[in-house]
Amino acid sequence: PKLVKAVDALRPEEAEGKKIFLFATLHYWIEHVTLLGLTLAAQGHDVTVGFLPYANWQQEINKFDLRRQNLYALDVLKKAESVISVASLMNVKPAVHLDEDMLERVEMVSVYDAQYTLQDGDVDRDSDIFKMRMQRNEVAARAALTWLSQGEPDLVIVPNGTIQELGMIYQIANYLKLPVNTYD
């Protein structure tokens with residue numbers, strides 16, 4: 001609440017800011033991009049913090065717990081909705097079709113995920129970790145395709161944009177030819 005008040009006090013009245021979409025998954029990245037989003041909002045930008053509520057990139061989660069994590073994240077982030085918008089990509093109707101280029105990007109990021117998780121350059125595409133990462137990355141790609149196509153941000157910012165759902169949002173923004181930045 002104190003940060004939201006500070007953003008309100010600092011935000012220029014007649015801002016010509018950009019429409020910025022920040023994306024994260026995993027609790028620590030969501031916290032990070034929310035703070036970054038508040039900072040950008042204080043400078044007069046129209047900020048949306050998008051997220052997927054996964055707590056762990058390498059373990060399956062049942063639908064009940066995922067929905068519970070999603071509701072919790074939305075509840076926490078709504079405290080900042082007077083100065084930033086919040087979008088759970090879980091609540092976005094996913095795109096029905098991914099073309100061959102997008103599917104290749106899903107596979108590429110999934111390979112990176114398996115390499116990162118297993119700390120091994122050789123990836124068994126029949127392994128549980130690869131299959132799980134393919135499934136999650138495809139879900140992220142479909143939701144991102146819908147949201148980014150409709151939201152039309154001026155800029156997409158994704159931390160750690162090589163791996164996991166973070167990498168998928170980066171890839172879909174790049175595919176849509178949206179200006180996109182990543183950092184580690």
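A charge counts as sitting over a ring when NZ of Lys or CZ of Arg is within 6 Å of the ring centre and within 35 degrees of the ring normal. In this predicted model, R136 and Y54 fit that description: the charged end of R136 sits over the ring of Y54, 4.0 Å from its centre.

**The overall picture**

Let's zoom out. The protein has 6 helices and 5 strands, and from the N terminus on they run α-β-α-β-α-β-α-α-β-α-β. How does the radius of gyration sit against the globule rule? The protein has 17 Å, and a compact globule with 184 residues would come in near 16 Å, so the two agree. Put a box around the C-alpha atoms along the principal axes and you get roughly 55 × 35 × 30 Å.

Buried residues make up 49% of the 184 residues. On the outside, the protein exposes about 9900 Å², with carbon and sulfur atoms supplying 52% of that. Contacts reach a long way along the chain too: among those between residues at least 6 apart in sequence, 75% join residues at least 24 apart.

**Inside the protein**

The largest nonpolar core has 54 residues, and the ones touching the most other members are L89, L148, V156 and I169. Take L89 as an example. Leaving aside neighbours within four places in sequence, L89 is in contact with F21, F23, F51, L52, A143, A144, W147 and I169. There is also a second, separate core of 6 residues, with V111, A114, I129 and F130 among them.

Not everything buried is nonpolar core material by name. N137 lies in helix 5, residues 128–151, and its relative accessibility is 0%; buried means under 20%, so N137 counts as buried. Which residues does N137 touch, not counting those up to four places away in sequence? The list is V106, V109, S110, D113, Q164, E165 and M168.

**Aromatic pairs**

How many aromatic pairs are there? The count comes to 3. In one of these, the rings of W57 and Y116 have their centres 5.6 Å apart and their planes at 50°. Planes under 30 degrees apart count as stacked and over 60 as edge-to-face, so at 50° this pair is tilted. The pair links distant parts of the chain, 59 residues apart: W57 is in the loop between strand 2 (46–52) and helix 3 (63–77), while Y116 is in helix 4 (residues 100–118). The partners also differ in cover, since W57 is buried at 17% relative accessibility, whereas Y116 is partly exposed at 39%.

**Two positive phi values**

Most residues other than glycine have a negative phi. Two residues here go the other way, so they're worth a look in the viewer: N160 has a phi near 55°, and K177 has one near 60°. Where do they sit? N160 is in the loop between strand 4 (155–159) and helix 6 (164–175), and K177 is in the loop between helix 6 and strand 5 (180–183). As for buried or exposed, N160 counts as buried at 14% relative accessibility, while K177 is exposed with a relative accessible area of 73%.

Here is the accessibility of several residues discussed in this report.

| Residue | Relative accessible area | Class |
|---|---|---|
| N137 | 0% | buried |
| N160 | 14% | buried |
| W57 | 17% | buried |
| K19 | 34% | partly exposed |
| Y116 | 39% | partly exposed |
| K177 | 73% | exposed |
| P1 | 74% | exposed |

**K19 and P1**

K19 lies in strand 1, residues 19–25, and is partly exposed at 34% relative accessibility. Setting aside residues up to four places away in sequence, K19 touches D46, G151, E152, P153, D154 and L155. With L155 the sequence gap is 136 residues, yet the C-alpha atoms are separated by 6.6 Å.

P1 makes for another kind of example. P1 lies in the segment before helix 1 (2–10) and is exposed, with a relative accessible area of 74%. P1 and Q58 are 57 residues apart in sequence, and their C-alpha atoms are 33 Å apart in space.

How values were computed
Residues are numbered from 1 along each chain as its sequence is written. This is a predicted model: local features need pLDDT of at least 70, side-chain atom pairs count only at pLDDT 80 or more; totals for chains, interfaces and linings use all residues. Side-chain values use heavy atoms; hydrogens and water are left out. Helices (H or I, at least four residues) and strands (E, at least two) are DSSP runs, numbered from the N terminus. Buried means under 20% relative accessible area, exposed over 50%, partly exposed in between (1.4 Å probe, protein chains only). Contact means heavy atoms within 4.5 Å. A nonpolar core is a set of buried Ala, Val, Leu, Ile, Met, Phe, Trp, Tyr and Cys residues joined through side-chain atoms within 4.5 Å. Rings of Phe, Tyr and Trp (its six-membered ring) pair if their centres lie within 6.5 Å; planes under 30 degrees apart count as stacked, over 60 as edge-to-face and the rest as tilted. The radius of gyration is taken over C-alpha atoms; the globule rule is 2.2 Å times the number of residues to the power 0.38. Accessible areas come from the Shrake-Rupley method with a 1.4 Å probe; for residues, only the protein chains shown count as cover.
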